[in-house]
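Here are a few exercises to work through with the model open in your viewer. Try each task before reading its solution.

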Amino acid sequence: MEDYSQEDWGNHSQDLHGYPTDQELDEIPITKRTLKIKQESSEEAQKRDIMQNIVQILESVQLKWELFQSWTDFSRLHLSNKLAIFGIGYNTRWKEDIRYHYAEISSQVPLGKRLREYFNSEKPEGRIIMTRVQKMNWKNVYYKFLEITISEARCLELHMEIDWIPIAHSKPTGGNVVQYLLPGGIPKSPGLYAIGYEECIERPLSPHMERRSLDAGKEGRVDLETLSAQASLQVEIEPTRIIYCYLGIAEVRTLQQCLFLHFQANTKTFSKDWVGINGFLSQNCIVDPGVSPKSIYIKFVEVERDFLSAGSLVECLEKAIGYPLKFNN
């Protein structure tokens, strides 16, 4: 790797991070500056979460690190035109364990080209790595990758980049039956879709909450309404999360047709013998008086029909989320 002057490195650092100058900061009103910092913090947190998810996938398939030695590593045929999940790692002279520097899903650019950018000192990504090796912050640099299909790349996009859409339901009709109300705008094209439900986790009261309850009782200055609420509150409710339970492939039918069959047809042709996702959705429509059905969510992404048959899509999503899909056999 060639040497760079301190001035060049300083200029590069400012270009890379985009730090504003003192004069620029003075020109930005405080309210706008605060909002900008919050937006950047949110974006950084989102990027960090996505990278952690990618690292989790790479670790779950137990890939071996490969030592970066020369440019010929990335011009090999099997890397030149493949899509992949990849990670860049390093170790130091003091600690041989390899740690992650970066991880990414290369779903638009072939893996070989993307890796060359990370080991090219003329690129921002490569310059960071070069400098850390030159300054002896790092000893060696490594890489690992898992080849994926276009459909698997879109499946991971569905998980990490597409937001859940809540499914509304009607008021009970015929006594105790509700109907799902699908949103508009579902594409009339092939693709992938996921169905999930909201899970509410209950856990015992924290010591802090228990102490507050005891202290209030000892003081004897709490009204009956407060004491009654504390007595009935036996658990703290954690923030809800959405559990994936089904991944669908709209290959023969469109996304709209597939979701309509799951959510609309089953309420009219319900059978107690049904199993799988349709049985789950149908049974969720039957509610006791005063009880609401489970909150159901969907998400979808369009994929060209020719790509949908390639790859192991259910296993791909299960690795990404870290648990099995309940209704995919």
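**Exercise 1. Work out the strand order of the open sheet that contains S1, and say which strands are at its edges.**

Step 1: the order is S1-S4-S2-S3, four strands with antiparallel pairing. Strands here are DSSP E runs of at least two residues, and helices are H or I runs of at least four, numbered from the N terminus; two strands pair if DSSP finds at least two bridges between them.

Step 2: S1 (66–67) and S3 (99–106) are the edge strands, each pairing on one side only.

Step 3: zoom in on S2 (residues 83–91) and S4 (residues 140–148), an antiparallel pair with nine bridges. Tyrosine 90 has valine 141 in S4 as its bridge partner.

Step 4: add the helices. H5 (residues 111–118) packs on this sheet and touches S2, S3 and S4 (contact: heavy atoms within 4.5 Å). Its direction makes about 25 degrees with that of S2 (axes are lines fitted to C-alpha atoms, for helices over the stretch in contact; angles between N-to-C directions run from 0 to 180 degrees). H6 (residues 124–134) also touches S2, S3 and S4, at about 165 degrees to S3.

A word on ground rules: this is a predicted model, so local features need pLDDT of at least 70 and side-chain atom pairs pLDDT 80 or more, while totals for chains, interfaces and linings use all residues. Residues are numbered from 1 along each chain as its sequence is written, and side-chain values use heavy atoms, with hydrogens and water left out.

**Exercise 2. Do the same for the open sheet with the order S5-S12-S8-S11.**

Step 1: this one has four strands too, with antiparallel pairing.

Step 2: S5 (165–166) and S11 (241–250) each have a single partner strand, so one side of each has no neighbour in the sheet.

Step 3: S8 (residues 191–199) runs antiparallel to S12, joined by seven bridges. Isoleucine 195 sits opposite isoleucine 298 in S12.

Step 4: H12 lies across S8 and S11, at about 165 degrees to S11.

**Exercise 3. Where is the confidence lowest, and where is it highest?**

Step 1: the chain's mean pLDDT (the predictor's confidence in each residue, from 0 to 100) is 77, and 67% of residues reach 70 or more.

Step 2: the lowest mean is 39, in H1 (residues 6–17), and the highest is 96, in S12 (residues 296–302).

Step 3: residues 1–25 have pLDDT below 50, with 20 contacts beyond near neighbours in sequence. Residues 224–237 stay under 50 as well, with 19 contacts beyond four places in sequence.

Step 4: where pLDDT is low, don't read the predicted coordinates in detail.
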